Amino acid sequence: MEKSTITRKLKFQSGLLKTIFLSFIYLAFWGNCEPIFSNDLNYSSLKITPESQWFFTQTDSSYILKIPQVSPSDVQITMPTMPDFVRFISSYKEEYLSDGKRGTSIRFWFNFFEPGEIKLKNITLKIKRKSYSLPFETVTVYDNPIYLVPQLHLEIKDSNGITFVPDEQGFISVSNGQKLFLDLFVRYTSRIFQFQWELPENALFMEIQRYPIVENHTESTVFSPELEPVANFEWTPLESGIYDLPKINISAVAYNGQRYELTMPSLKINYSLQKTQKTETRIHPALAEAFLEPTEEQETPKFQDSPSVTIEKASKLANLRIKEAYSLPFSKQKQQRIAYETELNLGKTPNEISVPLTTIGFAVGLVLIIISCIYLFFAKKNKIAISLFILAMTIISITIIYAFPLTKTLGIFIGGKIRIVPEYNAEGNYSITELSRIQILEQTGEWYYIDLDGSGGWVPKSSVIKITKLKD
């Protein structure tokens, strides 16, 4: 009877020990995997997008911003100052559900009074008490279609498809015998209800193609800023001289229903035996910048802040802290770092966590766990096994608490302005002492969000020298 009781007691202790051991393994695994399963979103990459394809003057235009996994109560909006030709009307927050995931959508309404390409200033959002500067996408605002007048556009090309460019007097010089190709386009037109042309004198003139906008008599209310082709002609003057453009009569209907007579440009063709004028292909001004070689100013990013200390000092301090981290406490590396900081008048600063000491702590704990398993399963000495296991757990727990700061990304702050949003023209809210040891909480583009004693802000990457202790 007594033997059976002792056996049940040993089985209970053995089961308890196994349960504690497996629980520790599970917690250790889950703790290591937590960064993998975390879903930390980078809200700095969000953009505010237009809700319609076209924006017009004197009409309400809307943008939308969708912020996943955030409730409307966690979002605060600060609107920037708008230019005189833009009026902010209102904004509205609401919760949305997409693919089983909730978030917050924000709509912004504006009224534009001038046409052109418009880039609104960034808005400042506080999402879960952290500030973000989010941009509006650039949009092109067009005149309200009810005020647009149909336009006629003409291109004159040679047989190689190269466009002729008239001189300042409106003349195009062409050599004798060369064929000219005329391409007609219209813009801001819902329909062409009349299209006629007259045969010019002393020339061969023929219509090559006529497009649906002429043949289709149904009016369209769909706005488009693009050029719509009307017809193509081939024209060959037979004698030398100066020619007016052929007479082509076009009657177009605007989007507001009014009719307009479109006239041909006042160009003249100088048809002679001289060599063909050098032609060139026109490039739209909006695309011209894309074909220019980048200047040195464009290629080389400017360091906006001017730190009063050199990067060499910050790099040396970071290297001393890395050496301290890879040595045991009370080593000469630590003393060298303290001496250098004293030389820089930095005062007392936190010590680096010793990576070797952390490794030793985990190794000792693991060895004790293995020994406790040997006593438990092979030597059948449960009391010794439990004691060793408890000692191992204590050492590992202390080591985890001691080594936890190793998970933080640290750096040396060179100096400069601390900004509330990641923009060079943003205002600074406070300053941090140069060469301070800071924590890097977030990264977006070329910016770090740093923290020191609970106060944070955005700084350029070039203002921070990272203290690399563990592989990223």
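This briefing walks through the fold, one helix, the salt bridges and a surface patch of the structure above.

The model is predicted, so to speak of local features we need pLDDT of at least 70, side-chain atom pairs count only at pLDDT 80 or more, and totals for chains, interfaces and linings use all residues. Residues are numbered from 1 along each chain as its sequence is written, and side-chain values use heavy atoms, with hydrogens and water left out.

**The chain as a whole**

- The secondary structure comes to eight helices and 27 strands, taken as DSSP runs numbered from the N terminus (helices are H or I with at least four residues, strands are E with at least two).
- Of the 472 residues in the chain, 38% are buried; buried means under 20% relative accessible area, exposed over 50%, and partly exposed in between (1.4 Å probe, protein chains only).
- Contacts (heavy atoms within 4.5 Å) reach far along the sequence: among those between residues at least 6 apart, 69% join residues at least 24 apart.
- About 28800 Å² of the chain is exposed, and carbon and sulfur atoms supply 54% of that area (Shrake-Rupley method, 1.4 Å probe; for residues, only the protein chains shown count as cover).

**Helix α6**

- Helix α6 has twelve residues, 332-343, and reaches 16 Å from its first C-alpha to its last, close to the 16 Å expected (the expected span is 1.5 Å times one less than the number of residues).
- Lys-334, Arg-337, Tyr-340 and Glu-341 are the buried residues to look at in α6. They sit on the same side of the helix because they cover an arc of only 130 degrees around the axis, the arc being that of the directions from the helix axis to the C-beta atoms.
- The cover over these buried residues includes α5 (311-325).
- Turn to the face away from the buried side and you will find the exposed residues Lys-332, Thr-342 and Glu-343.
- After α6 comes Asn-345, with a positive phi near 60 degrees.

**Salt bridges**

- Side chains of opposite charge can pair when their charged atoms come close.
- The count comes to 14 salt bridges, each a side-chain nitrogen of Lys or Arg within 4 Å of a carboxyl oxygen of Asp or Glu.
- Within α6, Arg-337 and Glu-341 form a salt bridge with their closest N and O atoms 3.0 Å apart. The two residues are four apart, about one turn of the helix. Arg-337 is buried at a relative accessible area of 1%, and Glu-341 is buried at 3%.
- Arg-437 and Glu-352 meet in a salt bridge at 2.8 Å, N to O. Arg-437 lies in strand β24 and Glu-352 in the loop between α6 and α7, so this pair ties together parts 85 residues apart in sequence. Glu-352 is buried, at 6% relative accessibility.
- A network of salt bridges links Arg-321, Glu-324, Arg-337, Glu-341, Glu-352 and Arg-437.
- Lys-130 and Glu-442 also pair, at 3.3 Å from N to O. This bridge links distant parts of the chain, from strand β9 (130-134) to strand β24 (436-444), 312 residues apart. Glu-442 is buried, with a relative accessible area of 14%.

**A nonpolar surface patch**

- Leu-366, Ile-370, Ile-374, Phe-377 and Phe-378 form a nonpolar patch on the surface, with about 530 Å² of accessible area together. Patches are made of residues with over 30% relative accessible area and no salt bridge, with like charges joined within 9 Å and nonpolar side chains (Val, Leu, Ile, Met, Phe, Trp, Tyr) within 5 Å.
- Ile-374 of this patch lies in helix α7 (355-377) and counts as partly exposed, at 44% relative accessibility.
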